[in-house]
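Me: I'd like to go through the salt bridges in this one. Can you take me through them?

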Amino acid sequence: MEQSHKYFENRDCKYYPCHEGLEEINCLFCYCPLYSFSCPGDYTLIRKEDRVIKNCRGCTFPHKPENYDRLMELIREFNRNKDQKKEE
């Protein structure tokens, strides 16, 4: 794959495939870096005991190779916003 630094697939992982319906799964972001804030993925919010958590089971956004650049831009944007809040 061209630009292979943007893609990693671990077919030996005990959780593979973690999402149904994808022919290729980018495992580079196995734990989604967008979990802690709003993202363009298909997630739901569920109540678990006394808190609301993000359910990303239906989300394939970070696992699609073509979303790498957008994902990296969202991470940079998040970090810029975090740095701006520190300066205030």
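What follows is a short round of questions and answers on charged side-chain pairs.

Reply: Quick ground rules: this is a predicted model, where local features need pLDDT of at least 70, side-chain atom pairs count only at pLDDT 80 or more, and totals for chains, interfaces and linings use all residues. Residues are numbered from 1 along each chain as its sequence is written, and side-chain values use heavy atoms, with hydrogens and water left out.

Me: How many salt bridges does a search of the whole structure find?

Reply: The criterion is a side-chain nitrogen of Lys or Arg within 4 Å of a carboxyl oxygen of Asp or Glu. Run over the whole structure, the search comes back with three.

Me: Which residue does Arg-11 meet in a salt bridge?

Reply: Arg-11 is exposed, at 54% relative accessible area (buried is under 20%, exposed over 50%, partly exposed in between, with a 1.4 Å probe and protein chains only). Its partner is partly exposed at 23%. The N to O distance is 3.4 Å, and the partner is Glu-9.

Me: How far apart, N to O, are the side chains of Glu-73 and Arg-76?

Reply: Both sit in helix 1 (residues 68-87), three residues apart, so about one helical turn separates them (a helix here is a DSSP run of H or I, at least four residues, numbered from the N terminus). Glu-73 is partly exposed at 28%, and Arg-76 is too, at 41%. Their salt bridge has an N to O distance of 3.5 Å.

Me: Which residues are linked in a network of salt bridges?

Reply: Glu-73 pairs with Arg-76. Glu-73 also meets Arg-80, at 3.1 Å, N to O, and Arg-80 is partly exposed at 43%. The network therefore links Glu-73, Arg-76 and Arg-80.

Conventions
Helix = DSSP H or I, 4+ residues; strand = E, 2+ residues; numbered from the N terminus.
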